[in-house]
Amino acid sequence: KFAAPVMSKVQLRSKVTRIEYGADLSKVFFTLGGKDNDRRVILAKHVLVTLPLGVLKQGTVHFSPNLPLEKSAAIESLGMGLMNKCVLYWEDMQESDIFWPKEKHWINKISPRGKQGQWPYFYNPYSINGHT
């Protein structure tokens with residue numbers, strides 16, 4: 001709904017290979033549908049980059065000029081890892097069965113030192129179980 005005016009400009013299933021950016025004009029080089037023989041370029045005044053951290057860390061998208069050192073350092077220093085989530089859901093949940101705050105969508109568990117990362121997030125299904 002909100003993206004309708006720009007949907008004709010969105011290139012799905014495409015692989016960005018290079019971004020050249022400047023004060024007045026930027027160029028985004030990409031392959032359409034992941035086919036290396038179908039290379040395209042988009043010219044734009046502004047480019048919003050929302051690449052996954054893993055892609056940025058691999059350096060498969062080339063920036064010209066190179067990203068500033070503080071951005072490159074931030075990309076390198078960010079870590080990735082596994083985050084387990086558990087959804088608590090009961091078919092016959094009654095109002096009296098709920099022991100967690102109903103208005104919170106996520107319940108975060110703070111683990112003891114040395115046990116971090118073991119099921120730290122639980123999703124609160126209260127709003128999707130027929131309740132608002």
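This passage describes the two largest pockets found in a predicted model.

A natural place to begin is the largest pocket, which holds about 730 Å³ of space. Its lining is made up of 21 residues, and those closest to the pocket centre are V16, V28, I42, V47 and L48. Three strands each supply at least two residues of this lining: strand 1 (14-20), strand 2 (26-32) and strand 3 (39-44). Strand 1 gives the most to the lining of the largest pocket, contributing 4 residues. Sorted by class, the lining of the largest pocket comprises 14 nonpolar, 5 polar and 2 charged residues.

Attention can now turn to the second largest pocket, where about 200 Å³ of space is found. The residues lining the second largest pocket are V55, L56, G59, V61, H62, F63, N66, L67, S72, I75 and E76. Helix 1 (53-58), strand 4 (62-64) and helix 2 (69-77) are the elements that give two or more residues to this lining. Among these elements, helix 2 gives the most to the second largest pocket, with 3 lining residues. The class breakdown here is 6 nonpolar, 4 polar and 1 charged residues.

Taken side by side, the two linings draw on these elements as follows: strands 1, 2 and 3 each supply at least two residues to the largest pocket, while helix 1, strand 4 and helix 2 each give two or more to the second largest.

Key: Residues numbered from 1 in each chain as written. Predicted model: local features only at pLDDT ≥ 70, side-chain atom pairs only at ≥ 80, totals over all residues. Heavy atoms only, no water. 1 Å grid on protein atoms, 1.4 Å probe; cavity = no way out; pocket = protein on both sides within 12 Å on 5 of 7 lines; lining within 4 Å. Points joined across faces, edges and corners; volume = space filled by probe spheres on them. Nonpolar A, V, L, I, M, F, W, Y, C, P; charged D, E, K, R; others polar.
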